[in-house]
Amino acid sequence: MELNHGNPVEDVLFLPSGGLVATAGGNSVKIWDVIAGGKLMFSMDSHNKTVTSICMGRIGKDTGEESQQLRILSVGLDGYMKVFDYAANRVTHSMRFPAPLLSIGYSPDCSTRVIGTSNGILYAGKRKTKEKENEESESDQFWRIAPVEQPERKVLKPSYFRYFQRGQGEKPSRGDYLIMRPKRVKLAEHDKLLKKFRHREALVSVLGSKNPENVLAVMEELVARKKLLKCVSNLDAEELELLFRFLHKYCTMPRYSSLLMGLTKRVLEVRADDIRASNSLRGHISNLKRSVEEEIRVQQSLQEIQGIISPLLKIAGRR
């Protein structure tokens, strides 16, 4: 007899009735009636990937009619184990494993199940059975003198809720994984204001700290948020003086000049009317102008020195 499963056959199983054959291949398990000449009875297509192995077993209660019914157990590369009731043509149980499954086996008494995975791990499970305790007669219990046992101290396990409610003085066990509590970072005042989107107040706060690195960091953040010019336009006279003092001190420094020189030009354009109306602001502008002119003279002197040294270096290089 020849049966066409439609996919490469991974496993074949004769059912206990003797007239049915189950084949596994592709993502389906098919039941064939051998007595009827190899007729396809039904197909179970509950797997998403190739079914690799099938077997028979009893799944269900220990007593009653269900305990005597056999089921087809199938495993596949999708990591699922399916339990198929071929009498009712439906899937009754399903279990997910963390790796592709390659084989499954059941003990003859259907009490132990073993599943093999592609990464070399075996998953073995045993069915729980209720053990009947031996009952003693009343006379035996009357004459027995049992020793007084000390109550055992209950050991807390990670499966108990109280395990996680232990006091801070509890010392960790040898196998515990310690998680250190990260230290809370204390934010500066300008960082708190930036988190609250109070941009003008953050700029004024950092200008008062007299730390050029922090001031440049806040200004770059305001540039990224496109709020720097708006903050400058909303500064009052005293706050504007703070800004001019900072620009006068640091705008000619090479580390900060790329941002501060452009900012100085925009401030003069935006706040020109306020500068003309205030004598103190005009004094800051004069100081700023003198520092810029002094920087220009220094740069010109350096260029002259460079013009003198460059020919000498070329002549020294030829020798």
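Helix 6 and helix 7 have axes that come within 11 Å and cross at roughly 140 degrees (axes are lines fitted to C-alpha atoms over the stretch in contact, with angles from 0 to 180 degrees between N-to-C directions). This is a predicted model, where local features need pLDDT of at least 70, side-chain atom pairs count only at pLDDT 80 or more, and totals for chains, interfaces and linings use all residues. Residues are numbered from 1 along each chain as its sequence is written, and side-chain values use heavy atoms, leaving out hydrogens and water.

**Where the two helices meet**
- On the helix 6 side, the contact (heavy atoms within 4.5 Å) is made by Leu240, Leu243, Phe244, Phe246, Leu247 and Tyr250.
- Helix 7 brings Leu260, Leu263, Thr264, Val267 and Leu268.
- Sort these contact residues and you get 10 nonpolar, 1 polar and no charged.

**The cores**
- The largest nonpolar core (buried Ala, Val, Leu, Ile, Met, Phe, Trp, Tyr and Cys joined through side-chain atoms within 4.5 Å; buried means under 20% relative accessible area) has 30 residues.
- Helix 6 (237–250) and helix 7 (257–270) are among the helices that each supply at least two residues of this core, and helix 6 gives the largest share, 6 residues.
- Leu263 is one of the residues with the most contacts inside the core; beyond its neighbours within four places in sequence, Leu263 touches Met219, Leu228, Val232 and Leu247.
- There's also a second, separate core of 15 residues, including Leu15 and Phe84.

**Out on a loop**
- Proline 98 sits in the loop between strand 8 (90–96) and strand 9 (101–106) (strands are DSSP runs of E, at least two residues; helices are H or I, at least four).
- Proline 98 counts as exposed because its relative accessible area is 69%, and exposed means over 50%.

Key:
Buried < 20%, exposed > 50% of the residue type's maximum accessible area, 1.4 Å probe, protein only. Nonpolar A, V, L, I, M, F, W, Y, C, P; charged D, E, K, R; others polar.
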